[in-house]
Amino acid sequence: MTESILITQAQLRREVPGELTSLLIQDGRIAAIDKGNQAEAARVIDAGGNLVTESFYNPHLHLDKVYTLDRMDEMALESYQAAGMGKAMNAIELAARVKDEYDQAWILPNVRQALQLAARNGNTHIRALADVDNKAKLEGVKALLTAKQEFAGVVDLQVVAFPQDGVVREPGAEQLVRQAMELGADVVGGIPWIEFTDTDAQYHVDAMFAIAQEFDKPVSFLVDDAGDAGLRTLEMMAVRAIKQGWQGRALAHHARAMALYPKPYLQKVIALLKQAELYVVTDPQTGPLHARVRELLEEGAYVCLGQDDISDAYYPYGQNNMLEVAFLASHLLWMTSAADMETLYDMITVEAARAMGIRDSELKVGNPANLVVLDQPSVREAFRYHRAPVHVISYGKLIQE
């Protein structure tokens, strides 16, 4: 049983500045939202006129790889970000070297460090990818499943069994994904663009969707993550989701080649994405190309933001702070109007949650109490400073630093 919490003097998003509200939390849920609430509660938090919002959701983090950059040189980082992303496949091959020594003994402490940061920064839900292949085996998945239990009720993990090096290219990876699902992984991963031919890419898509159907689980695929306008695995994924009836249960990551698509083809893909109810999670801070966010939004498609990496072979920074991610995205996407900022905030809260299959993330009576009390009164100021929240509440429990 969680203690009751009353938050007073709260500024809610899209409310008139200065019109403050109280929120009552009981039994892990939001029990009341109204002005001037004087209900009794075991704990009272004065928000001081600052924002109180949904907590943050990160639908894309390679959690098994956090803090591995120091175990490597920077060759993969340079290949991934240079030459218009024309050498992205080479970067993945270079990055795979860290898996020669994969071991839960060092992976798990890194994971714990990253999740402690997540809790501090109000990032209460993460879709976390772990590589499964002949080098990594199931070491990353096992580490993440352990962390999922340890952080239950603080940071909620969705563990993705991710065949980073391919399925056709990496014989045995398909069986390892199935074994990971048997161990308790939550999501079937994929990276079909890494295969050498379109035929092999289609097999990759079909095989991973078949496993998802077998275990009745959602899918998360890294698609078209290179500077090649001819890549088509986002389309393959959307078509398969429609055929399998997996609408709303599939998440596409990156889709960086979209930046190079001709307009007529982009329009066709967007139509497929909408029919498949397929979200795209973009991480513009981790590579020079990114999905065409404005056009996706203008056409009513589904898009959100992710952290992607923390100090690994692809990105040297990151602290599981989704306010920081949105701050960077505001610059990289030139989304700097007040309306743009509200959209970006949605892309790290309610839209990111929907991308993860979570439908009760909004700040509404009856929903689980996953929320943050910020140190600023507006979204603009929250982005400007992107500091950790003053208070984080996860499933109705106040998370102490």
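Student: Which residues of helix 6 are called buried?
Tutor: Ala-201, His-204, Val-205, Ala-207, Met-208, Phe-209, Ile-211 and Ala-212 are. Buried means under 20% relative accessible area, exposed over 50%, and partly exposed in between (1.4 Å probe, protein chains only). The model is predicted: local features need pLDDT of at least 70 and side-chain atom pairs count only at pLDDT 80 or more, while totals for chains, interfaces and linings use all residues. Residues are numbered from 1 along each chain as its sequence is written, and side-chain values use heavy atoms, with hydrogens and water left out.

Student: What makes residues 198–215 a helix, and what span does helix 6 reach?
Tutor: Helices are DSSP runs of H or I with at least four residues, strands are runs of E with at least two, and both are numbered from the N terminus. Helix 6 has 18 residues, which meets that minimum of four. From first C-alpha to last it reaches 26 Å, close to the expected 26 Å; the expected span is 1.5 Å times one less than the number of residues. After helix 6 comes Asp-216, with a positive phi near 55 degrees.

Student: What covers the buried residues of helix 6?
Tutor: The cover includes helix 5, strand 9, strand 10, helix 7 (233–244) and strand 11 (250–254).

Student: Why does Arg-178 count as partly exposed?
Tutor: Arg-178, in helix 5, has 25% relative accessibility and therefore counts as partly exposed: the value falls between the 20% and 50% limits.

Student: What does Arg-178 contact, leaving aside neighbours within four places in sequence?
Tutor: Ile-211, Glu-214 and Phe-215, where contact means heavy atoms within 4.5 Å.

Student: Why is the link between the side chains of Arg-178 and Glu-214 called a polar contact?
Tutor: It is 3.1 Å long. A polar contact is a pair of N or O atoms within 3.5 Å; within protein one must be able to donate a hydrogen and the other to accept it, and residues adjacent in sequence count only if both atoms are side-chain atoms. The 3.1 Å value therefore satisfies the distance limit.

Student: How do you know that strand 9 and strand 10 pair?
Tutor: Strand 9 (residues 187–190) and strand 10 (residues 219–223) share 3 parallel bridges. Pairing requires that DSSP finds at least two bridges, so the pair qualifies. One bridge sets Gly-189 against Ser-220. Strand 8 (residues 156–162) is also joined to strand 9, in parallel, by 2 bridges, and Ala-161 stands opposite Val-188.

Student: Why is the crossover from strand 8 to strand 9 called right-handed?
Tutor: The chain passes from strand 8 through helix 5 (residues 173–183) to strand 9. Right-handed means that, with the strands pointing away from the viewer, the path from the first strand over the helix to the second runs clockwise. Strand 9, helix 6 and strand 10 also make a right-handed β-α-β unit.

Student: What makes a nonpolar core, and which residues touch the most other members of the largest one?
Tutor: A core is a set of buried Ala, Val, Leu, Ile, Met, Phe, Trp, Tyr and Cys residues joined through side-chain atoms within 4.5 Å. In the largest, of 112 residues, Leu-63 and Leu-234 touch the most other members. Helix 3 (residues 104–120) gives the largest share, 8 residues. A second, separate core of 16 residues includes Ile-7, Val-52, Val-373 and Leu-398.
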